[in-house]
Amino acid sequence: MRIVDLRSDTVTLPTPAMRQAMFDAELGDDVMGEDPTVNRLEAMAAERLGKEAAVYVPSGTMANLVCLLSHCARGEEAIMGHMAHTFLFEAGGSAAVGSIHPRTVPNQIDGTLDLDDVEAAIRDPNNAHYPRTRLICLENTHNRCSGAVLTPPYMAQVRTLANRYDLKIHLDGARIFNAATALGVTAAALTRDVDSVSFCLSKGLSAPVGSLVCGSAEFVWEARRQRKVLGGGMRQAGVLAAAGIVALETMVDRLAEDHANARRLAEGLAPLPGIVLDPARIQTNIVIFDLAPGAPPAAGVVAGMAAHGVKMGVVGPRRIRAVTHYGIGTDDIDQALAAASVVLEESRA
Ligand SMILES: Cc1ncc(COP(=O)(O)O)c(C=O)c1O
């Protein structure tokens with residue numbers, strides 16, 4: 001049976017061109033700044049994101065942590081959405097390692113933070129009772145908001161607010177190229193208004209390892225130091241970065257295919273009995289849907305689907321996530337829809 005793995009776009013394997021580039025990569029000691037392949041990847045990333053500089057780190061989690069540690073001192077506060085990946089799924093790293101105080105405000109269904117909520121969360125710096133607000137964190141695309149995209153006008157509004165209170169903005173852009181593709185804009189148009197941005201090579205772009213942190217030269221120098229603190233300085237890392245270069249060169253333009261597949265999946269799932277899903281909300285490659293009262297719980301549906309060779313993720317007692325990516329074609333989506341139909345029909349029998 002063919003296995004259709006929709007649990008995450010992190011399951012993607014490197015392309016043959018990536019493996020060849022890894023084999024051929026010119027290498028040096030990157031902690032000494034001497035790996036030409038890493039240097040090339042960092043320069044490409046900075047250019048694509050419209051920033052002065054970039055630093056290569058092992059993971060998206062480390063990328064976000066390095067940024068928070070670079071922006072905030074002990075006891076300072078970072079405002080973020082209650083469904084932010086940084087808040088939910090990064091092991092509390094900014095608090096554990098940096099003593100940074102997370103302050104959550106509600107994520108709206110479209111991944112945004114309401115500007116009034118953000119403003120209300122900003123502390124009075126003249127009141128000694130409060131931690132100092134230093135940073136606003138955003139996420140684009142927004143993982144737990146079903147891959148929703150934040151637009152350039154929204155980013156500009158957050159910038160205006162941040163400037164009024166002298167705050168910095170960090171963007172978790174793990175899937176920034178998905179957002180840019182969905183909106184038909186450059187990634188740089190989505191990062192113009194932020195002080196730092198992280199993005200991942202190892203999700204929809206299919207590279208095996210690595211993320212980049214981009215910002216001003218001064219910021220990236222501090223991020224490089226924080227990477228060292230965390231033990232993330234790697235030596236002949238060009239062997240990994242080489243795949244990242246291929247990812248940026250060859251895998252961005254095909255993301256539209258993943259978005260079309262996600263839309264096909266959502267449109268096929270929505271009419272099935274027990275599924276609550278508005279396909280119009282699916283903007284990129286993440287499809288999150290709910291199970292209505294009366295339908296089996298998410299764990300039961302996911303186990304049933306797995307028996308038909310289709311893997312999805314349980315993200316709540318009645319909530320399931322499916323992610324499209326390189327290697328998933330329309331036939332796979334149709335296999336997933338057929339499996340979902342059987343499982344949900346069986347549960348009604
Ligand atoms: C939005 C977002 N940010 C950060 C990360 C962390 O990336 P990594 O798994 O490489 O640490 C993820 C991982 O899925 C993510 O979805």
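Hello everyone, let me start with one pair of residues: Arg227 and Asp30 meet in a salt bridge, with their closest N and O atoms 3.5 Å apart. Arg227 sits in helix H10 (residues 217-229), while Asp30 is in the loop between helix H1 (16-24) and helix H2 (36-49), so this pair ties together parts that are 197 residues apart in sequence. By salt bridge I mean a side-chain nitrogen of Lys or Arg within 4 Å of a carboxyl oxygen of Asp or Glu. The helices and strands I name are DSSP runs, numbered from the N terminus, with at least four residues for a helix (H or I) and at least two for a strand (E).

A quick word on what you are looking at. This is a predicted model, in which local features need pLDDT of at least 70 and side-chain atom pairs count only at pLDDT 80 or more, while totals for chains, interfaces and linings use all residues. Residues are numbered from 1 along each chain as its sequence is written, and side-chain values use heavy atoms, with hydrogens and water left out.

Back to our pair: are its two members buried or exposed? Arg227 counts as buried at 4% relative accessibility, and Asp30 counts as buried at 2%. Buried here means under 20% relative accessible area, exposed means over 50%, and partly exposed is in between (1.4 Å probe, protein chains only).

How many salt bridges does the structure hold? There are 18. Another one links Glu77 with Arg123, where the closest N and O atoms are 2.7 Å apart. Glu77 belongs to strand E3 (residues 77-81) and Arg123 to the loop between helix H6 (115-121) and strand E5 (133-139), so here the bridge ties together parts 46 residues apart in sequence. Glu77 is buried, its relative accessible area being 0%. Through salt bridges that share partners, Glu77, Arg103 and Arg123 are joined into one network. One more bridge to find on your screens is the one between the side chains of Asp258 and Arg254, at 2.6 Å from N to O. Both of those residues are buried.

Now, on to the ligand. Which residues surround it? The list is Ser59, Gly60, Thr61, Asn64, His85, Glu90, Glu139, Asn143, Asp172, Ala174, Arg175 and Lys203. A residue makes that list if one of its heavy atoms lies within 4 Å of the ligand. By type, this shell divides into 1 nonpolar, 6 polar and 5 charged residues. For that sorting, Ala, Val, Leu, Ile, Met, Phe, Trp, Tyr, Cys and Pro count as nonpolar, Asp, Glu, Lys and Arg as charged, and the others, Gly among them, as polar.

Let me point out three polar contacts, meaning pairs of N or O atoms within 3.5 Å; within protein, one atom must be able to donate a hydrogen and the other to accept it, and residues adjacent in sequence count only if both atoms are side-chain atoms. An oxygen atom of the ligand lies 2.6 Å from an N or O atom in the side chain of Thr61. For the side chain of Asn143, the distance from a ligand oxygen is 2.8 Å. With Asp172, it is a nitrogen atom of the ligand that comes in, at 2.6 Å from a side-chain N or O atom. Taken alone, the ligand exposes 380 Å², and the protein buries 83% of that. Those areas come from the Shrake-Rupley method with a 1.4 Å probe, and for residues only the protein chains shown count as cover.

Which element gives the most to this shell? That is helix H3 (residues 60-71), with 3 residues. H3 has 12 residues and reaches 17 Å from its first C-alpha to its last, close to the 16 Å expected at 1.5 Å a residue; the expected span is 1.5 Å times one less than the number of residues. Of its 12 residues, 11 are buried, so H3 is largely enclosed by the rest of the structure.

I will finish with some details in the loops. His325, in the loop between strand E13 (319-323) and helix H14 (330-348), reaches with its side chain to the backbone oxygen of Asp5 at 2.7 Å. His325 is buried, with a relative accessible area of 4%. The peptide bond from Asn140 to Thr141 is cis, with omega near 0°, and Thr141 is in the loop between E5 and helix H7 (152-164). Finally, Asp166 has a positive phi of about 60° although it is not a glycine. Asp166 is in the loop between H7 and strand E6 (168-172), and at 66% relative accessibility it counts as exposed.
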